[in-house]
Amino acid sequence: MTVKIGLLGFGTVASGVPFLLRENAGKIKQAAQDDIEIAKVLVRDEAEKSRLLAEGHVYNFVTDIDEIILDEEIAIVVELMGRIEPAKTFITRALQAKKHVVTANKDLLAVHGSELRTIAKENGVALYYEAAVAGGIPILRTLANSFASDKITRIMGVLNGTSNFMMTKMVDEGWTYEKALKTAQELGYAESDPTNDVEGIDAAYKAVILSQFAFGMTIDFEHVRHKGISGITPEDVAVAQELGYVIKLVGDIQETPSGISAEVSPTFLPKAHPLASVNGVMNAVFVESIGIGESMFYGPGAGQKPTAASVTADIIRIVRRLKDNTIGKDFNEFSRPLQLATAEDVRSDYYFSILTPDVQGKMLRLAEIFNAQAISFKQILQRPTDEKEARLVIVTHSMSKTQLEHVTKQLEESQEFQVSNIFKVLGD
Ligand SMILES: NC(=O)c1ccc[n+]([C@@H]2O[C@H](COP(=O)([O-])OP(=O)(O)OC[C@H]3O[C@@H](n4cnc5c(N)ncnc54)[C@H](OP(=O)(O)O)[C@@H]3O)[C@@H](O)[C@H]2O)c1
């Protein structure tokens with residue numbers, strides 16, 4: 001039998017799918033046990049269709065979504081257009097038409113995933129999205145299947161290749177944020193509007209999806225605190241190195257006694273931590289669990305072939321499930337009621353970079369403010385910035401989000417200190 005596919009969009013990732021179906025046909029046939037055919041490809045308009053045909057692409061390009069939704073021979077719709085609309089409407093219609101859906105659209109899944117999963121379930125069809133987190137790293141199915149017996153306590157990840165490329169240049173070559181961004185844009189890693197990548201939004205989308213697979217809880221995007229890399233200064237980078245750390249944008253989801261906490265933020269990683277050596281556009285997901293212990297999954301987070309490999313694996317899985325008559329199961333069957341951690345239970349060490357007039361007694365005064373919140377210091381540095389001002393750098397021992405909030409407020413109200421930056425520090 002031949003299973004027919006409708007591709008929505010023919011951009012970077014979508015055009016990588018035919019490559020794998022062709023180049024790895026023998027193995028794919030064994031795994032899927034049926035033939036897979038790209039029957040129709042939705043493109044934006046007639047001009048796009050003519051351009052692709054002129055380039056030698058031999059697909060049946062269509063410009064009307066109904067040609068795919070109403071085609072009863074098409075069993076699987078593969079959405080690779082990106083953005084929320086019209087992708088959401090097209091996926092909804094495909095699921096309601098009892099078509100299985102594969103997508104890599106993390107933005108859509110992070111915000112409307114629950115709704116789409118419910119529609120898939122009601123219609124007894126599959127909705128798979130392995131490529132939505134860390135593109136080429138097969139992490140979601142690994143969490144759903146290989147960690148089935150294990151209890152995950154924490155997941156940390158370098159989840160955004162663009163910001164990681166920029167941070168690597170800022171750390172290794174001393175580039176400013178502005179120079180790193182400009183180069184990332186020139187190399188095609190960052191879009192002209194880089195907000196989602198550099199402000200931690202893209203990584204927060206991925207944290208929402210990871211929390212479902214690792215902890216069985218569906219957190220809302222709004223529950224993921226996120227802070228990006230745009231405020232990191234060369235001074236922060238230099239001090240981090242001096243103190244034995246590397247700064248990276250890290251997604252961190254953990255289970256505390258009161259519930260789960262999810263956050264994306266610039267984080268000081270000890271140089272020996274496995275995530276500290278994840279450089280350039282590469283991604284990694286670091287898992288802590290009671291059975292396996294510590295494990296790390298490393299690979300390309302984006303790119304045509306890596307992402308298409310994950311998409312194609314989802315397609316093969318569906319074709320095989322159709323053959324075995326086991327289709328319709330959730331991609332992830334682990335589900336518990338959502339319980340969010342209280343601020344008292346979310347703890348970390350922190351780095352404070354504080355500017356103050358360079359006069360005697362300031363360090364003592366600072367110690368009093370931290371001491372009043374029962375926060376102790378692990379490392380302290382003082383650096384003159386000019387004749388009149390000094391930078392005080394403090395790495396604290398573990399404190400809760402509540403303590404962090406109180407001490408930050410105290411510092412801001414003191415009028416003696418100007419908080420330049422506060423970042424999380426991963427303890428040794
Ligand atoms: N690129 C990666 O490495 C990567 C990694 C992980 C996940 N993803 C996800 O994969 C998806 C696709 O990404 P991509 O990089 O392949 O994007 P892309 O290169 O921009 O391709 C998207 C294609 O879809 C077309 N399209 C958009 N709206 C359409 C519509 N209404 N009708 C028909 N065609 C439409 C676009 O046409 P126009 O050019 O005319 O807009 C474009 O050709 C996104 O959800 C992305 O987040 C990508």
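How much space lies in the largest pocket? I put this first in my notebook, keeping in mind that the model is predicted. I found about 1800 Å³ of space in the largest pocket.

**Entry 1. The lining of the pocket**

I next looked up the residues around this space. The largest pocket is lined by 49 residues, and the closest to its centre are Met81, Gly82, Arg83, Lys106 and Glu191. I then noted the elements that contribute two or more residues to the lining: helix H6 (106–122), helix H8 (161–172), helix H10 (195–198), H11 and helix H13 (304–324). Sorted by class, the lining holds 19 nonpolar, 18 polar and 12 charged residues.

Where does the largest pocket lie with respect to domain 1 and domain 2? I recorded that it lies between them, because both domain 1 (2–135 + 304–324) and domain 2 (139–300) give residues to its lining.

**Entry 2. Asp202**

I turned to helix H11 (residues 201–215), where Asp202 is found. Is Asp202 buried or exposed? I entered Asp202 as buried, because its relative accessibility is 7% and the cut-off for buried is under 20%. Leaving aside residues up to four places away in sequence, I listed the residues that Asp202 touches as Lys106, Leu159, Asn160, Asn196 and Asp197. Of these contacts of Asp202, I marked Lys106, since Lys106 is also among the residues closest to the centre of the largest pocket.

**Entry 3. Backbone geometry**

I then searched the backbone for exceptions to a general pattern. Most residues other than glycine have a negative phi, and most peptide bonds are trans.

Which peptide bond is cis, with omega near 5 degrees? I noted the bond from Glu85 to Pro86. Pro86 sits in the loop between strand E4 (74–79) and helix H5 (87–96).

I also entered Ala134, which is not a glycine but has a positive phi of about 50 degrees. Its place is the loop between strand E6 (127–128) and helix H7 (140–146). I recorded Ala134 as buried, because its relative accessible area is 0%.

Gln415, likewise not a glycine, has a positive phi of about 60 degrees. I located Gln415 in the loop between helix H15 (401–414) and strand E17 (418–425). Is Gln415 buried or exposed? I wrote down exposed, because the relative accessibility of Gln415 is 75% and the cut-off for exposed is over 50%. I closed the entry with the two residues side by side: Ala134 is buried, whereas Gln415 is exposed.

Technical notes. Residues numbered from 1 in each chain as written. Predicted model: local features only at pLDDT ≥ 70, side-chain atom pairs only at ≥ 80, totals over all residues. Heavy atoms only, no water. Helix = DSSP H or I, 4+ residues; strand = E, 2+ residues; numbered from the N terminus. Buried < 20%, exposed > 50% of the residue type's maximum accessible area, 1.4 Å probe, protein only. Contact = heavy atoms within 4.5 Å. 1 Å grid on protein atoms, 1.4 Å probe; cavity = no way out; pocket = protein on both sides within 12 Å on 5 of 7 lines; lining within 4 Å. Points joined across faces, edges and corners; volume = space filled by probe spheres on them. Nonpolar A, V, L, I, M, F, W, Y, C, P; charged D, E, K, R; others polar. Domains from an automatic or database assignment.
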